[in-house]
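Welcome! Take a moment to turn the model around on your screen before reading on. The report below is meant as a friendly first tour.

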Amino acid sequence: MAVVGAGIVGMSAAHFLSRAGWQVTVYDAGVVASGATGSADGAVSVASKKPGPLMTLAVAAVKFYEQLVATGILVDEYLPRSTFVVASDQEELAVLERHAGELEAAGVPIRMLRGAALMDVIGAAAPAAIAAAEVQREGHAVGYRVVERLRQLGGFTIRRNCRVSGFKSSNGRITGVMTEQGIESTDAVLLATGIGSMHFLAEAGLIRPRKGQLIVTDRAGADSPHFPGPLMSCRYLVSKGSQPAGSTAASRSLGLVIDPLRTGQFLIGGSREDRDDRETADADVVATLLRDAVALSPSLAQLRVIRVFSGLRAATRDGMPIVGNVGGADNVWIATGFEGDGICLGPMIGRLCQQMICGESPEQDISALDAARFGLTLAAAA
Amino acid sequence: MSGPEVLVIGGGPAGVSAALELARAGIDVTLCEQGPQLGGAIHRQPNDATQSVRVPRSHKRRWRALSDELATSTVKVLYRHMFAGIDATGAVLLEDRMHARLVTRRPTALVLAMGAIERVAPVPGWQLPGVVTVGGLQVMMKSTGRAPDGDVLIAGSGPLLVALAAQMVSLGKAPVAVLERSTRPMSVSVIASLLAAPAYLWEAAGYLLTLARSGALPRRGAFVTAIVPKDGRLSVTTLDRNGRERQTLVDRVALHDGLLPNSNGTTAGQHAPFIVRAGDCREVLGGAAALADGRLAAGAVLAHLGQIASVHKGAADALARERQAQAALNTLFDYSGRDPAELPDETIICRCEGRTLGQLRALLTAGDPVSPREIKLNGRFGMGACQGRFCAEWVASFVASQRDGSSPPQVSEIVGSRWPVKPVPISAFVTLPPSSPSE
Amino acid sequence: MSEIQSFLFEGTSVPCTGRETIAAALDRAGIRVLGTGQGDCAGRYFCGIGACQACLVEVDGVRMEACLTPARGGLQVKAISLVSP
């Protein structure tokens, strides 16, 4: 089994496939977690999802993380906690109430916080908030740490800096993987190549990079206000998701999440930009995010920006991931286009890919993600 | 003044020299210095002119000439302005500590003259309060004009050890000991090479004479193996060249294992200005070379601007001479530090986050050629506030020593090239005007 | 000789001259531990040129390197104790 891409999806699939008896090699043009997995915010969260298949899958994915911890596959790579969606004015409050209702209808446990309860829970962190929805039973996982844990558990081979340039096929089946080091034979292929997936597919423009910039602060002082979990500004809901890739030529939207990390640092994000495909950050975006962050949580002004980074999410034309068999070769599968949800969905998708590839029926309904909706085929060069 | 603006970062000899050369050519130059005064580490001026540290006369002359010319030049000096990096749009970010704000500039060219990085090889206890770099102690002495309080032990390798020790003696306090790791002898060919830049020989002779008179000559082949706190002081375990172990109780330990160029902050993106590095920041050749290198950097900027620079034959020759002398000097020292195999697992490697050698070793035992990026992310080496300045080079060479040499990690892969190159207060960041046009 | 002033470090008065850094003034006062730091690495003076970030203190509410910051009468300087991870 050749898995192309050593991000969270590929590494999770490699883990489960190797446990299912496959002899797995993971190929990556870079190193482990060098794409979106290594520059993600790590939200294992349904708080920002809109009702539909993605929300249902996200709910299942959070439970899957809990299961991975319970079975010892993950140890302290997953931190369960609530997310707090915060409204700072009446307009945001209306959005908050509607959204909380939708989440509740989908079975997500929600606690609305107002008045004294609000002050009690997030008053110190966000004194200007007028209401918040505590989205319970969510968590955080650092993408590269999950992947590192899977690497340490082993059972498969990783080939770093080994770009797969194409495939050798015979009678409608892939029989080999072409790399700079030659052709290596294989029985099946899983493409978990994120933004690099377009190289392998015939359909142009299906997946586009959607850049995100994130800020890391230094550690909070021991006397600084307590943050019970990430604070998500309601405005994030407007920014997040359901923007088909490429709908606006040079758009950018910002949505504020202030995430207290276990180290005492804060991760402050983020942007969604269809402007360019370079992993660079600009001071204007960072300053805007920080102004919003300080407006919501004034105590952050005492900290320093220690790091700024950006990553490229793989956004599909219809805003939904692509998981399934690739047409034109019956032993090639693909799992890509997770945009901002790769860390949340990745491990479960890895498991579902394994089930699909083993001919079992996947334990979640992923028909909405089926690659067949785009009639995907391998690129001629591939 | 209108026309292209050039920004020079760093108010040491290289930066001042570059700025003056550009100003002479009629260029609009702004010099940014992170501290409240110019001079860099080498020409750090005393807070009180009546109390000053002994420095070679040539150093004094050099700085006097630079500061006199600067005073009457058109160079604009910004004090307490920290260079924070260059963003994706090519904006140069400066943290203005005078006004607690962040400002952006869009210069045509940028000269980075931020000085060297002082190297200290890890040893158990090097993270304790009271343990400082030799350069750090020297800078403090130069500005206060006083010898440090308490008993001081100086260890490591390099000419800076004797310089510090002699300056202490001149201020009336000899160090408890000076341990020079190297046992490499002075050869005829080294002396011959040093004769190309005899100032070094005179300087060294002066220092050694001072130390000989006070009985504080360096003990060659001796080094520190551990430092532990004891009764509010520091107990230092040392080994001499005959393998004899000794405990010494002191108040301060000054460590130094050479100097490294500083490549932080040179993110030459597609929108970035023309960037030149100058002085020890580019190549560690010392103060005399920094002067020449500043002029050469300015020449490169002028050429970029389409101006015909005056011929810098003299500067290039001076640089070549200093390079030869430094190479000869370096053969006398041993910057290797303690053999990692002799270091216990508890040894702190990342001084910002307290990450240990044991944690680094654990990342490498898997029999999988883990990449520098993975070492950085999972081991957190190079992710602390100093941005890897004090661990990345050591981690890279340690990882290389544990491998067969097929893929030695690059320091840049651990440090990265992102801005900010130094942490920036959020309170300063939020002052940046939205979508700010350049100032 | 500059006029002697003083600033407060953790509530203790520390004398300083007009031109020295906070780090130099603290050192002269015998104060070597500048904060809890993290992972067994207390806040302390080390490199003297703002590179190592070890001497970070809070000056009137903003974190800055003691070795680069001029001391001034009336400053409120605090040691930084970090959240333990």
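What follows looks at the chains one by one and then at the places where they touch.

Please keep in mind that this is a predicted model.

## Chain A and chain C as wholes

Let us begin with chain A, which has eight helices and 18 strands. Its C-alpha atoms fill a box of roughly 70 × 40 × 35 Å along the principal axes. For 382 residues, a compact globule would have a radius of gyration near 21 Å, and chain A agrees because its own value is 21 Å.

Chain C has one helix and eight strands. Following the sequence, you meet these elements in the pattern β-β-α-β-β-β-β-β-β. The radius of gyration of chain C is 12 Å, close to the 12 Å that the globule rule gives for 85 residues, so chain C is as compact as a globular protein of that length. The C-alpha trace of chain C spans about 45 × 25 × 20 Å along its principal axes.

The table sets out some values for these two chains.

| Item | Chain A | Chain C |
|---|---|---|
| Residues buried | 58% of 382 residues | 55% of 85 residues |
| Contacts with a separation of 6 or more that join residues at least 24 apart | 76% of contacts | 37% of contacts |
| Radius of gyration | 21 Å | 12 Å |

## Two sheets to look for

Strands of a sheet pair through backbone hydrogen bonds, either parallel or antiparallel. Both of the following sheets are open, and they are good places to practise tracing strands.

In chain A, an open sheet of three strands has the order β8-β9-β10, with antiparallel pairing. Which strands stand at its edges? They are β8 (164-170) and β10 (182-185) of chain A; each has a single partner strand, so one side of each is left without a neighbour in the sheet. On average, neighbouring strands here are turned by 35 degrees against each other, direction ignored. Looking at one pair, β8(A) and β9 (173-179) of chain A run antiparallel and are joined by six bridges. Within that pair, Ser169(A) stands opposite Ile174(A) of β9(A).

In chain C, five strands form an open sheet in the order β2-β1-β7-β5-β6, and the pairing is mixed. Here β2 (12-16) and β6 of chain C are the edge strands, each with a single partner, so one side of each is left without a neighbour in the sheet. From one strand to the next, the twist averages 40 degrees. A parallel pair in chain C is made by β1 (5-9) and β7 (76-78), which share two bridges. There you can find Leu8(C) opposite Gln76(C) of β7(C).

## A helix in chain B

Now turn to helix α8 (313-330) of chain B. At 1.5 Å a residue, its 18 residues should span 26 Å, and the end C-alpha atoms are 26 Å apart, which agrees. Which residues of α8(B) are buried? They are Ala315(B), Ala318(B), Leu319(B), Glu322(B), Ala325(B), Gln326(B), Ala328(B) and Leu329(B). These buried residues pack against α4 (159-170), α5 (188-194), α6 (199-213) and α7 (287-304) of chain B.

## Where chain A meets chain B

The contact between these chains takes 35 residues from chain A and 29 residues from chain B. On the chain A side, α5 (143-153), α7 (283-296) and β16 (304-316) each supply at least two residues. The largest share, eight residues, comes from α7(A). By class, this side of chain A has 18 nonpolar, six polar and 11 charged residues.

Helix α7(A) deserves a second look. It is mostly covered, with 10 of its 14 residues buried; among them are Val285(A), Leu289(A) and Leu296(A). Its 14 residues should span 20 Å at 1.5 Å a residue, and its end C-alpha atoms are 20 Å apart, which agrees.

Strand β16(A) also pairs across the chains: two bridges join it to β21 (424-425) of chain B, and the two strands run antiparallel. The bridge partner of Arg304(A) in β21(B) is Pro425(B).

## Where chain C meets chain B

Finally, 29 residues of chain C are in contact with 34 residues of chain B. The elements that give two or more residues to the chain C side are α1 (22-28), β4 (41-43) and β6 (62-65) of chain C. By class, that side has 15 nonpolar, seven polar and seven charged residues. You have already met β6(C) as an edge strand of the five-stranded sheet in chain C.

Note on methods: Residues numbered from 1 in each chain as written. Chains lettered and ligands numbered in written order. Predicted model: local features only at pLDDT ≥ 70, side-chain atom pairs only at ≥ 80, totals over all residues. Contact = placed C-beta atoms within 7 Å. Helix = DSSP H or I, 4+ residues; strand = E, 2+ residues; numbered from the N terminus. Nonpolar A, V, L, I, M, F, W, Y, C, P; charged D, E, K, R; others polar. Pairing = 2+ DSSP bridges. Axes fitted to C-alpha atoms, helices over the stretch in contact; angles between N-to-C directions. Expected span 1.5 Å × (residues − 1). Buried ≥ 20, exposed ≤ 12 C-beta atoms within 10 Å, placed from the backbone. Rg over C-alpha atoms; globule rule 2.2 N^0.38 Å.
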